Amino acid sequence: MKIEFQLNGKPICLEAPADRRAVDLLREDLGLTGTKEGCGTGECGACTILVDGRSRLSCLMLASQLEGRKITTIEGLAPEGHLHPVQAAFVRHGAVQCGFCTPGMVLTAVDLLARHPEPRHDDVIEAVSGNLCRCTGYQKIVAAITDTDDAAPISAHRPEPARENEPPIAHAAVCPPQTENQGRPVLQPRTLDALWPMLADHLQARVLAGGTDLLVWLRNRKIDPPALIDLARIDALRGISETADAVRIGAAATHETLLADPVIARHFPVLQQALRTLGSPHIRHVGTIGGNLATASPAGDTLPPLHVLDATVTVQSIQGTRRLPIASFITGPGQTALMPGEIISAVTLPKPAAGTRQHFEKVGLRQAMACAVASLAAVVTFNDAGAIDRARLAWGSVGPTVVRLPEVEAALSGRRLDQETLEAVRPLVSRHLSPISDVRAGADYRRRVAGNLLLRLADDRPTRQATTDPVEQAS
Ligand SMILES: Cc1cc2nc3c(=O)[nH]c(=O)nc-3n(C[C@H](O)[C@H](O)[C@H](O)COP(=O)(O)OP(=O)(O)OC[C@H]3O[C@@H](n4cnc5c(N)ncnc54)[C@H](O)[C@@H]3O)c2cc1C
Ligand code: FES
Ligand code: FES
């Protein structure tokens, strides 16, 4: 495939297999070895680059996705030989030892400082939570980022973002001739009208959204589809719209978009609480709600909130549209009601009544980048006397799919939402749950955690992700 993009300020045109990973293209084909590869699966941040000014993992990006973008690697950060202010601050604070994580860490910081020129300590911790450093220690790194010299504004170094529907970059003078090795085709429709026939003509193709699951499966050879259909350039799949009674979320809306959206914040805090615990900022920046639903993992973080919010999933193909309650859409672990040629186009959530209490909590092996050992989402409505009218509860990671326990919901009805009620009802959770044991936790432990999560419902403190790691618990 012929790919044109801007690399470190210069237009470039090259020929590469569409499904070649961006990290391989940068390092091996273009010799830009400042971009490192650590894990190859989105967990270490060593391969971070800037795409249209935002930090992104190049191990979870395909060559086809570079088309029309402005890419900055660490080599392009200080083109005139002077250190970028972030690099200078890293030197000043001794925030580098082996240096393997440093390019990714620096580019993540450049992105953060372009958006928040004076970040708080917590903002910095959050921003680098997907960038692993095994030898310097985070104190010096966080100090360097916080102390970056703002006399030279970061924005001066930030590439202009590409605008939609506009040839974003100057064309390179020379484009190489097309070669035989085109790789796995990656189709890139820009409209729904273009998408439907593509889906119908390529029934074995896999849909690609953020790629945070799919590209890991491709790398691990878990799947080998004949083609990919990339949804990321279809604006109509990304929007969030509101009626008097409901909110419709486009399937390709990213987790980051949902976290920043005021309508979602106002009506569905339980969804935002769950999204805050999902992956790292890099994963939330590209991962989508449609991808989380279609993956249908028992540990999928959006699934318990979507169950208690009574979500309806809109499924579309060239044949037409179907609307399914989420409980019918997810049919088993990793299984959904999607038929070949269909995609999820949207998720619709009815607006809860005013005064509804919403709550999400997840327990993982550590605080960032951890799959849930158990999680609980709750939406509770109250009657005029202040007692529970209806409690909707959904546990994640304790069964093959999200678990609802009608016995527990019924037992809470008519009682006050306080510690005494929850203690009285907790044994029902253990009685009716039959979780599995796996590498993350044993069944008995999961059962206990699931009951304890119920106790936290009466707690008004802001939700944070709990951890089972004794070191983090002690800190
Ligand atoms: C390092 C790391 C940490 C992670 N941490 C978490 C976590 O804490 N919690 C969690 O829940 N998940 C986590 N994930 C998993 C992943 O990020 C999420 O499931 C994400 O929401 C997937 O969305 P995506 O857009 O990247 O999907 P993709 O990877 O693009 O696609 C995933 C699957 O969904 C299908 N698909 C995508 N969009 C559609 C659509 N509109 N219609 C039909 N099918 C579609 C694809 O064909 C594919 O089968 C993590 C992943 C990584 C790499
Ligand atoms: S190499 Fe680890 S996140 Fe890309
Ligand atoms: S400096 Fe060695 S991994 Fe961070």
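How many residues surround ligand 1, and which are the closest? Select ligand 1 in this predicted model and then display its surroundings: 36 residues surround the ligand, and V207, G210, T212, D213 and T288 are the closest of them.

With that shell still selected, colour its residues by character, which separates them into 16 nonpolar, 15 polar and 5 charged.

Turn next to individual atoms of the ligand. Show the backbone of L214, where a polar atom is 2.8 Å from an oxygen atom of ligand 1, and then the side chain of H255, which places a polar atom 2.8 Å from an oxygen atom of the ligand. For a nitrogen atom of ligand 1, select the backbone of I344, which has a polar atom at 2.8 Å. If you now switch on a surface, bear in mind that ligand 1 has 980 Å² of accessible area on its own, of which the protein covers 92%.

Switch to a cartoon view and pick out β7 (206–208), α7 (214–219), α12 (289–295) and β15 (343–350), the elements that give two or more residues to the shell around ligand 1. Among these, stop at α12, which gives the most, with 5 residues.

Finally, colour the whole protein by pLDDT, which averages 90, with 89% of the residues scoring at least 70. Two stretches then deserve separate selections: residues 461–465, where pLDDT stays under 50 and the model has 13 contacts beyond four places in sequence, and residues 467–475, where pLDDT likewise stays under 50 and the model has 14 such contacts.

Key
Residues are numbered from 1 along each chain as its sequence is written. Chains are lettered from A and ligands numbered from 1 in the order in which they are written. This is a predicted model: local features need pLDDT of at least 70, side-chain atom pairs count only at pLDDT 80 or more; totals for chains, interfaces and linings use all residues. Side-chain values use heavy atoms; hydrogens and water are left out. A residue is near a molecule or strand if one of its heavy atoms lies within 4 Å of it. A polar contact is a pair of N or O atoms within 3.5 Å; within protein, one must be able to donate a hydrogen and the other to accept it, and residues adjacent in sequence count only if both atoms are side-chain atoms. Accessible areas come from the Shrake-Rupley method with a 1.4 Å probe; for residues, only the protein chains shown count as cover. Helices (H or I, at least four residues) and strands (E, at least two) are DSSP runs, numbered from the N terminus. Ala, Val, Leu, Ile, Met, Phe, Trp, Tyr, Cys and Pro count as nonpolar, Asp, Glu, Lys and Arg as charged, and the others, Gly among them, as polar. pLDDT is the predictor's confidence in each residue, from 0 to 100. Contact means heavy atoms within 4.5 Å.
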